[in-house]
Amino acid sequence: MPSPSSSSPRARLFKNARLEKLTLMSPLTFAVSWALLLPAIAWVGWGSAGLLDGLALVAAGLFAWTLFEYAMHRFPFHFTSKQSVLSRLVFLMHGNHHDNPNDGMRNLMPLLVSLPIAALAWTGSMALLGAPGTWFFLGWITGYVIYDLVHFACHQWPMKGRVASAIKRHHMRHHYVDETGNYAISAIFWDRVFGSRITSLKR
């Protein structure tokens, strides 16, 4: 399957050097940040729900993330518009990734984006469910971390084994066969459910 050179020039998103730097995310920064944040979230939610209820909420949050991931990738990230402002926004969110899919510093969502979205999701979970909403959010944000790691692996690692290779193949077809399909990354069954699975290897 064809792939662009890993030395393709990185798209510059902002003229301001400090802001541009915030659009990059190294694997080490990602790993350290979420290794600290996920236990902190669990600590905040501790005692707000019983064990079984807490586990059920975490599972529900994980499931909700897979749908959110699919919907975000299919609709906002691939939204097309003749308005330059909207086109620019889509390019900032996702289009730059398609220009250079194998840029290891842009295969993970920068904290500049992920933290504000996480704050909104946590606030919404608490508003709907009260204090136990933290457990739902923990499942949701854990789903995000899994998604981002899987996405990074698809572009940077060989991913051997039946399941891993199937996930990588699924995502590579999105990039190099048809951008209007295979939107799911960590839960690839959604493309079959919603009829967006790529069935042909020709453009």
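Axes here are lines fitted to C-alpha atoms, for helices over the stretch in contact, and angles between them run from 0 to 180 degrees between N-to-C directions. The tour starts with two helices in this predicted model.

**Stop 1: α6 and α7**

Select α6 (133–156) and α7 (162–176). Two packed helices are described by the angle between their axes and the distance between the axes. For α6 and α7, the axes come within 9 Å and cross at roughly 75°. Because angles of 65 to 115 degrees count as roughly perpendicular, α6 is roughly perpendicular to α7.

Now show the side chains where the two helices meet. On the α6 side, pick Val150, His151, Ala153, Cys154 and His155; their partners in α7 are Ile167, Lys168, His171, Met172 and His175. Coloured by type, the residues of this contact divide into five nonpolar, four polar and one charged.

**Stop 2: the largest nonpolar core**

Keep α6 in view and add α2 (27–45), α3 (51–74) and α5 (111–129). These helices, together with α7, are the elements that give two or more residues to the largest nonpolar core. That core has 31 residues, and α6 gives the most to it, with twelve. Which of its members touch the most others? Select Phe30, Trp34, Phe137, Leu138, Ile141 and Tyr144.

Centre on Trp34. Leaving aside neighbours within four places in sequence, Trp34 is in contact with Pro39, Leu111, Ser114, Leu115, Ile141, Tyr144 and Val145.

A second, separate core lies elsewhere in the selection list: Tyr183, Ala184, Ala187 and Trp190 are among its five residues.

**Stop 3: Asn107**

Go next to the loop between α4 (84–99) and α5, where Asn107 sits. Is Asn107 buried or exposed? Its relative accessibility is 1%, so Asn107 counts as buried, the cut-off being under 20%.

Two polar partners of the Asn107 side chain can be displayed. A polar atom of that side chain lies 2.8 Å from the backbone oxygen of Pro101. The side chain of Asn107 also makes a polar contact of 2.6 Å with the side chain of Gln156. Not counting residues up to four places away in sequence, Asn107 touches His97, Pro101, Asn102, Asp148, His151, Phe152, His155 and Gln156.

**Stop 4: Phe63**

Finish in helix α3, at Phe63. Phe63 has a relative accessible area of 46%, so this residue is partly exposed. With a distance tool, go from the C-alpha of Phe63 to that of Thr180: the two are 23 Å apart in space and 117 residues apart in sequence.

Definitions and conventions. Residues are numbered from 1 along each chain as its sequence is written. This is a predicted model: local features need pLDDT of at least 70, side-chain atom pairs count only at pLDDT 80 or more; totals for chains, interfaces and linings use all residues. Side-chain values use heavy atoms; hydrogens and water are left out. A nonpolar core is a set of buried Ala, Val, Leu, Ile, Met, Phe, Trp, Tyr and Cys residues joined through side-chain atoms within 4.5 Å. Buried means under 20% relative accessible area, exposed over 50%, partly exposed in between (1.4 Å probe, protein chains only). Helices (H or I, at least four residues) and strands (E, at least two) are DSSP runs, numbered from the N terminus. Contact means heavy atoms within 4.5 Å. A polar contact is a pair of N or O atoms within 3.5 Å; within protein, one must be able to donate a hydrogen and the other to accept it, and residues adjacent in sequence count only if both atoms are side-chain atoms. Angles under 35 degrees count as roughly parallel, over 145 as roughly antiparallel, 65 to 115 as roughly perpendicular and the rest as oblique. Ala, Val, Leu, Ile, Met, Phe, Trp, Tyr, Cys and Pro count as nonpolar, Asp, Glu, Lys and Arg as charged, and the others, Gly among them, as polar.
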